[in-house]
Amino acid sequence: MPPRHSRACAPLLGLFLLAAIPAASAAIHAEHGFGEKDGNGSIASDLNPAGLVAGIIMEEAGRRRAVTYQHGRIRELGTLGGDEGFTKAINAHGVVVGSSQTASGAWHAFRYDAAGGMRDLGTLGGSSSYATAIARDGTVAGYADTSGGDFHAYVTKADHSLQDLGTLGGASSYASGLNNHGVVVGTAQRGDGYRRAFIYRPGTGMQEIGTLPGGRISSATAINDAGLVVGAAETDKRRWHAFAWDGRRMIDLGAMIGQGDSYATAVNAAGHVVGSVSINGFEPMTFVYKDGVMTVRRRDDGLYLTNKITDAGLVVGAVYTGHKFQAFAVPSQAAPAPPRRNPLDWFFMTVIAAASGAVLYRARRHFRVGLLGQRRHLL
């Protein structure tokens, strides 16, 4: 127990300690990952409104397992007969899409629901297929090999068979995004060999979106129900910049960031765009474009893999711990940065610390003198 005489210095010590403690962070405090063990990693691919996560468990040896995660419980989705599988998207009804190895080792797109399990979506005549997006009504988009050996973008029909969306005149195409009106976006090769972002509307066919001024290639990754398309495009300086396309013009989001290579990966119903930016070869950081404002998250306040943004504003993906990925989510609103101290703050803190030290010294000296007096009195 401290001596009673030292209580006189408590107010000064409290003031000093309060001045030294940084402001509390508003970031989400949650455990990384799905609770996986034995050195395994994890990635959150998508999240639906009920809080059901479509994800991936990555074993230490490299094997991937398609899973869902909710309320602390992992559900294994299995495979199509092979060793590996991974998820890409989930809709509001809990239907998950992704890709799995078959018994022959080929990769096939799958559609999974709790009642029917995993269903093989087949191919376009070739050996492999991949599912990348799913709409509210269960329509799936992705890409698959054709009998000619090239991969083409597809969207599923009512009977779950694959409809070939063609190309922009070249050999290949792939779909990466789909909205609830059946509009598909992705990337397709032109006759000159360059790949361009496309939008496919039912009854209209595939239309090229274009690229940024001076750029040669572009890629679309996602679309919301209002028709806002996001992706990445080459600039005249041969860098990659994230973009948003509203049907009339392509907005250069990378120019708002101002440096590095950026890639938009998702957009929600409100038009908030998320993606990744890599600057000078360092690990990627999350960016959020919201209500006309561009924010690049600090590395300790974002994700290494930025996959989706929910309509509620939660950004999902994974952090990287230095040796493995761990599924995580952050709010689209960045946590406030720790306050930058004025140089005078350190002067006042030094003065307070010195004053506190002097008070402690006097209190201890007084206490020792008191003890000495008591001993002499006893003698």
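**Thr-139 and two loop residues with positive phi**

The side chains of Thr-139 and Asp-137 are joined by a polar contact of 2.9 Å. This comes from a predicted model, and it makes a handy place to start looking around. Thr-139 sits in the loop between β9 (125-134) and β10 (140-146). Despite that loop setting, Thr-139 counts as buried, because its relative accessible area is 18% and the cut-off for buried is under 20%. Setting aside neighbours within four places in sequence, Thr-139 touches Ala-133, Ile-134, Val-155, Thr-156 and Leu-178.

Two other loop residues stand out for their backbone. His-160 lies in the loop between β11 (151-156) and β12 (162-164), and its phi is near 75 degrees, a positive value in a residue other than glycine. With a relative accessibility of 22%, His-160 is partly exposed. Asp-291 also has a positive phi without being glycine, this time near 55 degrees. Its home is the loop between β23 (285-290) and β24 (293-296). Here the side of the cut-off is clear: Asp-291 is exposed, since its relative accessible area is 64% and exposed means over 50%.

Zooming out, the protein is built with 3 helices and 27 strands. It has 379 residues, and 46% of them count as buried. Looking at contacts between residues at least 6 apart in sequence, 35% link residues at least 24 apart. As for the surface, about 19400 Å² is exposed, with carbon and sulfur atoms supplying 54% of that area.

Note on methods. Residues are numbered from 1 along each chain as its sequence is written. This is a predicted model: local features need pLDDT of at least 70, side-chain atom pairs count only at pLDDT 80 or more; totals for chains, interfaces and linings use all residues. Side-chain values use heavy atoms; hydrogens and water are left out. Helices (H or I, at least four residues) and strands (E, at least two) are DSSP runs, numbered from the N terminus. Buried means under 20% relative accessible area, exposed over 50%, partly exposed in between (1.4 Å probe, protein chains only). Contact means heavy atoms within 4.5 Å. Accessible areas come from the Shrake-Rupley method with a 1.4 Å probe; for residues, only the protein chains shown count as cover. A polar contact is a pair of N or O atoms within 3.5 Å; within protein, one must be able to donate a hydrogen and the other to accept it, and residues adjacent in sequence count only if both atoms are side-chain atoms.
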